[in-house]
4 protein chains.
Amino acid sequence: MDFNSDNAAGVHPAVLEAVAAVSGAHPRGYDADDWSARLDGAFSTLFGTPVRAFAVPSGTAANALGLAACVPTYGGVWCHNEAHIEVDEAGAVGFYTAGATLMLVPSPNGKLTVEALDAAAARRRGDVHQVQPAALSLTQATEAGTVYTPDEVANLSGWAKARGLAVQMDGARFANAVAHLGCSPADVTWKAGVDILSFGCIKNGGMSAEALLFFRPDLAESLPVRRKRAGLMPSKGRFAAAQLLAMIEGGVWLENARASNGAAQTIAAAVPDRLLVPVQANELFLRLTPAERDTLRAQGFSFYDWELSGPDAARFVVRWDQEPQVIAALAAALRAL
Amino acid sequence: MDFNSDNAAGVHPAVLEAVAAVSGAHPRGYDADDWSARLDGAFSTLFGTPVRAFAVPSGTAANALGLAACVPTYGGVWCHNEAHIEVDEAGAVGFYTAGATLMLVPSPNGKLTVEALDAAAARRRGDVHQVQPAALSLTQATEAGTVYTPDEVANLSGWAKARGLAVQMDGARFANAVAHLGCSPADVTWKAGVDILSFGCIKNGGMSAEALLFFRPDLAESLPVRRKRAGLMPSKGRFAAAQLLAMIEGGVWLENARASNGAAQTIAAAVPDRLLVPVQANELFLRLTPAERDTLRAQGFSFYDWELSGPDAARFVVRWDQEPQVIAALAAALRAL
Amino acid sequence: MDFNSDNAAGVHPAVLEAVAAVSGAHPRGYDADDWSARLDGAFSTLFGTPVRAFAVPSGTAANALGLAACVPTYGGVWCHNEAHIEVDEAGAVGFYTAGATLMLVPSPNGKLTVEALDAAAARRRGDVHQVQPAALSLTQATEAGTVYTPDEVANLSGWAKARGLAVQMDGARFANAVAHLGCSPADVTWKAGVDILSFGCIKNGGMSAEALLFFRPDLAESLPVRRKRAGLMPSKGRFAAAQLLAMIEGGVWLENARASNGAAQTIAAAVPDRLLVPVQANELFLRLTPAERDTLRAQGFSFYDWELSGPDAARFVVRWDQEPQVIAALAAALRAL
Amino acid sequence: MDFNSDNAAGVHPAVLEAVAAVSGAHPRGYDADDWSARLDGAFSTLFGTPVRAFAVPSGTAANALGLAACVPTYGGVWCHNEAHIEVDEAGAVGFYTAGATLMLVPSPNGKLTVEALDAAAARRRGDVHQVQPAALSLTQATEAGTVYTPDEVANLSGWAKARGLAVQMDGARFANAVAHLGCSPADVTWKAGVDILSFGCIKNGGMSAEALLFFRPDLAESLPVRRKRAGLMPSKGRFAAAQLLAMIEGGVWLENARASNGAAQTIAAAVPDRLLVPVQANELFLRLTPAERDTLRAQGFSFYDWELSGPDAARFVVRWDQEPQVIAALAAALRAL
């Protein structure tokens with residue numbers, strides 16, 4: 001009964017079938033196949049605007065490549081101090097940019113605010129002796145499982161645009177955010193000022209491909225060579241493209257996110273007084289003493305302690321394919337504490 | 001009737017089945033699953049020596065990461081001037097090392113020799129004003145479809161070791177080389193002085209995972225963080241590991257290479273007088289005039305002109321799953337020219 | 001009456017004479033001259049231990065090169081959150097390492113403590129998903145004009161060594177620190193666990209050369225090529241070496257530092273109640289309202305507001321060649337406020 | 001009697017005086033002084049067009065920074081295979097660009113030609129799998145001591161511009177080239193399509209500053225931060241700026257180059273039949289057997305064997321301040337062989 005991470009999730013049958021289906025074809029290598037050729041169009045349809053889409057093998061690669069496309073080696077990236085790019089990607093942005101700097105901004109519940117950015121910016125100078133920012137990175141849903149509304153994204157993007165910064169979004173759980181908001185994917189991205197999106201699939205029923213999306217084609221110009229040069233361009237590109245198409249063309253991405261979000265709500269409803277952060281996507285941060293955590297683990301539940309949120313905090317992540325009886329069991333076990 | 005590239009090959013059923021089989025499991029993410037845990041052991045068994053094995057998504061990534069592990073940012077890599085790392089990987093070694101230099105050595109039939117290396121080395125100085133080499137990169141089978149014997153590899157490695165250089169092997173078609181030699185994989189790698197091997201699977205029946213192997217554990221020390229940092233560590237590592245295990249644990253890698261090598265010999269036997277280079281793996285370089293090439297293409301065969309080998313040269317690559325009737329058809333068509 | 005920065009200082013006559021003296025010689029280029037050859041020995045004598053010494057053209061270059069010698073591209077550097085390498089060197093460490101991360105630690109008065117480092121380290125994990133530290137960087141004297149005692153340095157170095165980290169010291173104002181402590185330069189460097197020292201000369205009477213010193217020869221191995229490759233190896237090396245020798249062989253470095261430290265004490269003694277930080281080197285951080293600052297500026301004094309220390313703070317830096325009457329004038333003006 | 005290198009040259013008295021003169025001033029640090037502020041104007045006057053000028057401490061730094069300003073990390077630089085950036089700068093371009101590639105072009109007498117470039121370009125493809133060039137680098141005077149005419153530079157620049165490439169010139173001995181041509185510095189630079197120039201001073205009577213010049217202000221935009229970040233921005237900028245101003249404002253640069261060029265002609269005239277390459281600047285490449293070289297060295301002359309030009313070749317470099325009697329002695333000794 002594993003609530004450690006949605007990386008433990010299985011692959012949706014539609015994705016497995018799509019992979020098997022393209023194996024029999026013998027198209028040209030790299031991206032010169034029909035499935036790769038369809039990516040731009042499929043994502044453009046989904047977002048209602050021209051999109052340049054690239055398959056990449058991980059969320060780390062998507063974020064770092066996307067930021068390398070808009071941040072020079074001598075530039076900086078404003079981001080939340082708990083952002084995945086800071087905490088869990090081993091300095092990938094530094095590697096892909098050969099030396100750019102993450103400029104960390106603290107704020108509650110994993111969500112950046114204009115006020116927090118203003119305060120951070122006020123402590124820096126604009127001269128040649130300091131690293132100058134080139135981008136703002138937002139995480140949607142955030143590392144705290146919260147979700148930015150379209151207005152919140154638009155306000156933050158406006159702040160960035162007024163300073164000449166590009167806006168990149170780490171959407172490892174973008175599907176969960178959209179499922180929560182009930183808006184169109186456009187509303188919370190390009191219509192709200194987002195330029196580049198890491199559109200996460202792997203945690204949400206995919207296998208080994210994420211989509212890196214550009215709403216501004218000028219920023220994508222260097223992407224093909226950067227992707228190739230980093231060893232991220234698959235020689236059998238059809239297997240990656242087919243996975244992404246299977247996720248979005250049949251609506252699997254949203255269906256799966258609704259499933260995991262819904263399960264998170266079921267659990268949250270059982271223990272509303274234990275929620276350290278509002279539950280909006282598929283993650284729960286709960287107040288649990290060490291003894292309570294021991295009790296749950298003794299019953300077979302696994303999950304992470306979450307010291308970033310204090311000594312009595314634990315994180316539960318719900319998968320799209322989490323079994324209903326396991327969800328019910330966790331809710332019951334929490335209620336019984 | 002495509003002979004452009006083995007990247008057009010399908011995925012072997014054993015690989016597809018392995019991928020489907022691990023989808024139902026829900027192990028920890030990244031490499032904390034049973035399949036990833038089995039990689040080192042499986043490759044150690046195959047090579048008869050302790051091996052550190054890492055799944056990576058492309059041959060370019062395997063080569064560049066492997067070289068980054070043994071070449072400092074200020075170092076150089078001796079390689080053939082037609083090596084894939086020079087000609088077809090978009091400068092990936094430069095990216096992964098943040099600035100190392102490929103030091104190009106010309107020699108016939110794609111194969112480096114001690115004499116060619118000596119001649120190149122004699123034109124360089126050992127002082128601080130010149131880039132100093134840190135590694136020798138060999139390609140097995142070579143870009144010309146030729147194969148180094150164990151003795152040849154040992155001689156080249158000996159030259160490198162005497163100069164303190166690491167020895168890396170680009171084995172995008174390593175299986176074809178071993179199939180040709182009829183030796184054990186150990187004979188032509190660590191027993192012959194190879195330290196790092198890009199063990200190619202994708203062209204040979206794999207889907208989206210190559211194996212990067214270290215026969216010297218000291219060189220592998222930085223690999224986990226380099227791989228993570230480059231976005232090459234899959235969050236659902238089991239899907240990559242399962243592909244590699246399916247390739248090697250049942251002997252698929254060697255069986256497939258024998259098939260494509262054998263088909264190449266069938267074609268070669270039809271036109272022995274047209275061979276520009278001895279056929280040893282699954283590639284043929286044939287003397288064909290423009291008119292002859294037109295004739296073949298009009299019959300539905302596709303392949304690349306190969307200007308590196310002169311104006312009357314063409315390259316044919318045979319896939320592991322190339323249909324017997326297509327092979328026979330090409331042999332017949334060539335004979336009929 | 002400028003108290004903005006010691007970069008406005010003149011060059012000591014001994015340095016100018018040394019530069020003129022070597023112009024007539026016509027030795028080999030780069031470092032193959034007698035003056036460059038004497039550097040290691042002269043600094044070894046000064047520090048009482050074998051030292052590898054390199055002339056570099058700026059403190060930024062000294063710090064970044066020194067850290068690049070001990071921090072891999074995927075590594076991190078613990079440093080104070082107001083350290084010059086973070087605040088005023090434009091991300092040079094990121095450039096020289098092609099992507100390493102500064103890991104910022106806040107603590108009072110510009111001085112790191114073991115407690116502050118422990119607290120910062122407790123918030124990080126040791127796994128492959130996070131950047132792992134490889135060095136500790138100390139600033140001596142600190143950006144707040146305070147000075148670490150030998151015991152304090154030893155404690156911090158001990159903390160670092162217990163974790164396998166190298167210890168680098170930014171000594172842009174190292175002479176001022178030694179002048180304040182009255183100890184030998186050895187006591188507060190290698191005897192206290194420091195591995196690498198940026199030995200500042202330029203602010204303290206030099207012209208265009210700083211010394212980068214290694215107390216551990218193993219860490220210096222890559223330095224010659226890194227220095228050359230960065231364009232920091234002068235083709236007429238004798239002009240840089242002669243400057244450094246003139247600073248240290250006649251004791252100019254310590255004499256000048258005593259002069260600027262003494263002047264700072266004179267000013268401090270005039271307004272003990274305005275000191276925001278203890279005055280130990282040649283910098284003063286004073287509590288001054290905007291109106292008071294206006295008054296001083298109207299009298300012809302120039303200095304920086306220092307918002308890092310609050311709204312009512314100003315920084316005064318005293319030069320080695322600051323005129324006595326200007327020092328007296330500032331003391332009087334401050335007293336009169 | 002040293003003819004090894006012009007790096008052994010002394011510093012012109014005007015430069016030493018200028019350095020001493022600025023020591024007494026106490027301006028703001030970095031480039032906020034009157035001398036630094038005058039650089040752009042002085043070079044604009046010299047070249048008859050708006051120029052952005054930056055003082056840097058070495059020719060290696062000038063070349064690498066200049067190329068980093070116009071070549072992305074994934075780009076390439078066409079250059080002669082004996083260019084200093086390839087042969088003698090330890091891979092500095094790779095370091096400054098974090099991975100760009102030098103694309104080597106062989107041709108006689110150190111001079112690139114459109115034909116040689118066409119031949120090299122014909123062997124490359126324009127796709128994402130190959131490094132794509134972003135700049136052409138010319139050396140003036142060349143490593144073989146030859147000089148491009150304005151028409152030759154214009155033809156090469158035209159070739160580059162037609163392909164969207166920037167044109168950078170390594171002018172370590174630019175003064176010698178202009179002295180030979182008798183043209184204006186404008187004629188052989190921006191009027192002939194050059195965008196960026198490393199204007200060499202150090203070999204030609206300077207001390208520790210070279211000038212990096214941009215004729216296209218758009219290319220210079222990132223230069224201030226790149227220079228700072230590399231540790232190349234001096235904290236006492238006036239000392240570097242004053243050196244450059246002393247070289248150009250009084251015509252010292254051209255006067256010195258005429259002296260060394262003239263001396264080279266004197267020597268060449270003594271042994272016209274021994275010249276392996278036409279003598280146009282201050283370098284001579286002479287046919288000399290090992291026995292002849294021994295004879296000269298026994299007489300006290302020092303110079304380099306030059307194996308790049310064959311087994312019987314030696315290089316003599318003449319300094320601006322080479323003593324007339326030494327020049328006469330060498331001419332006589334050569335004649336006497």
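Reply: Start with a definition. A residue is buried under 20% relative accessible area, exposed over 50%, and partly exposed in between. Keep in mind that this is a predicted model.

Me: Then how does Arg163(B) count, at 43% relative accessibility?

Reply: Arg163(B) counts as partly exposed, because its 43% falls between the two cut-offs.

Me: Which residue forms a salt bridge with Arg163(B)?

Reply: The general idea is a side-chain nitrogen of Lys or Arg within 4 Å of a carboxyl oxygen of Asp or Glu. Here the partner is Asp118(B), and the closest N and O atoms are 3.7 Å apart. The two residues sit in distant parts of the chain, 45 residues apart. Asp118(B) is in helix H6 (residues 114-122) of chain B. Arg163(B) is in the loop between helix H7 (150-162) and strand E5 (166-171). Asp118(B) is partly exposed too, with a relative accessible area of 36%.

Me: Where do Asp195(D) and Arg216(D) lie?

Reply: First, the bridge: their closest N and O atoms are 3.8 Å apart. Asp195(D) lies in the loop between helix H8 (174-181) and strand E6 (196-199) of chain D. Arg216(D) lies in the loop between strand E7 (210-214) and helix H9 (223-229) of chain D. The positions are 21 residues apart in sequence, so the pair ties those parts together.

Me: Is Asp195(D) buried or exposed?

Reply: Asp195(D) is buried, with a relative accessible area of 3%. Arg216(D) is partly exposed, at 31%.

Me: What joins Asp2(A), Arg319(A), Asp321(A) and Glu323(A)?

Reply: Salt bridges that share partners join them into one network.

Me: How many salt bridges are there over all chains?

Reply: The count is 79. One of them links Asp305(A) to Arg293(A), with the closest N and O atoms 3.0 Å apart. Asp305(A) is in strand E9 (residues 304-305) and Arg293(A) is in helix H12 (residues 290-298), so this bridge ties together parts twelve residues apart in sequence. Compare the burial. Asp305(A) is partly exposed, at 33%. Arg293(A) is buried, at 6%.

Me: On to rings. How many aromatic pairs are there over all chains?

Reply: In general, a pair of aromatic rings is described by the distance of the centres and the angle of the planes. The count here is 62 aromatic pairs over all chains. Take Phe303(C) and Phe316(C): their ring centres are 4.4 Å apart and their planes are at 25 degrees, so the pair is stacked. The cut-off for stacked is under 30 degrees.

Me: Where do Phe303(C) and Phe316(C) lie?

Reply: Phe303(C) is in the loop between helix H12 (290-298) and strand E9 (304-305) of chain C. Phe316(C) is in strand E10 (residues 313-317), so the pair ties together parts 13 residues apart in sequence. Phe303(C) is buried, with a relative accessible area of 4%. Phe316(C) is buried as well, at 0%.

Me: What lies over the face of Phe303(B)?

Reply: Arg297(B) does, at 4.1 Å from the ring centre. In chain D, Arg297(D) lies over the face of Phe303(D), at 4.1 Å from the ring centre.

Me: Which residues form one aromatic cluster in chain A?

Reply: The cluster holds Phe43(A), Phe47(A), Phe174(A), Phe199(A), Phe215(A) and Trp253(A).

Me: Now interfaces. What area do chain B and chain A bury between them?

Reply: The size of an interface is often given as the accessible area lost when the parts come together. Chain B and chain A bury about 3800 Å², with 54% of it on carbon and sulfur atoms. On the chain B side, Phe95(B), Arg229(B) and Lys236(B) supply 19% of the buried area, more than any other three residues. The contact takes 50 residues from each of chain B and chain A. There are zero salt bridges between them, but 32 residue pairs are in polar contact. Among the elements of chain B giving two or more residues to this side are helix H1 (13-23) and helix H10 (237-249).

Me: Which residues of chain A is Val11(B) in contact with?

Reply: They are Ser23(A), Lys236(A) and Phe239(A). Val11(B) is in the segment before H1 of chain B, and is buried at 6%.

Me: And what area do chain D and chain A bury between them?

Reply: About 1400 Å², with 66% of it on carbon and sulfur atoms. In chain D, Tyr74(D), Val128(D) and Arg229(D) lose the most area to chain A, together 44% of what that side buries. The contact takes 15 residues from each of the two chains, D and A. Between chain D and chain A there are zero salt bridges and six residue pairs in polar contact.

How values were computed: Residues are numbered from 1 along each chain as its sequence is written. Chains are lettered from A and ligands numbered from 1 in the order in which they are written. This is a predicted model: local features need pLDDT of at least 70, side-chain atom pairs count only at pLDDT 80 or more; totals for chains, interfaces and linings use all residues. Side-chain values use heavy atoms; hydrogens and water are left out. Rings of Phe, Tyr and Trp (its six-membered ring) pair if their centres lie within 6.5 Å; planes under 30 degrees apart count as stacked, over 60 as edge-to-face and the rest as tilted. Helices (H or I, at least four residues) and strands (E, at least two) are DSSP runs, numbered from the N terminus. Buried means under 20% relative accessible area, exposed over 50%, partly exposed in between (1.4 Å probe, protein chains only). A charge sits over a ring if NZ of Lys or CZ of Arg is within 6 Å of the ring centre and within 35 degrees of the ring normal. Contact means heavy atoms within 4.5 Å. Buried area is the accessible area (1.4 Å probe) that two parts lose on being put together, summed over both. A polar contact is a pair of N or O atoms within 3.5 Å; within protein, one must be able to donate a hydrogen and the other to accept it, and residues adjacent in sequence count only if both atoms are side-chain atoms. Lists of a residue's contacts leave out its neighbours within four places in sequence.
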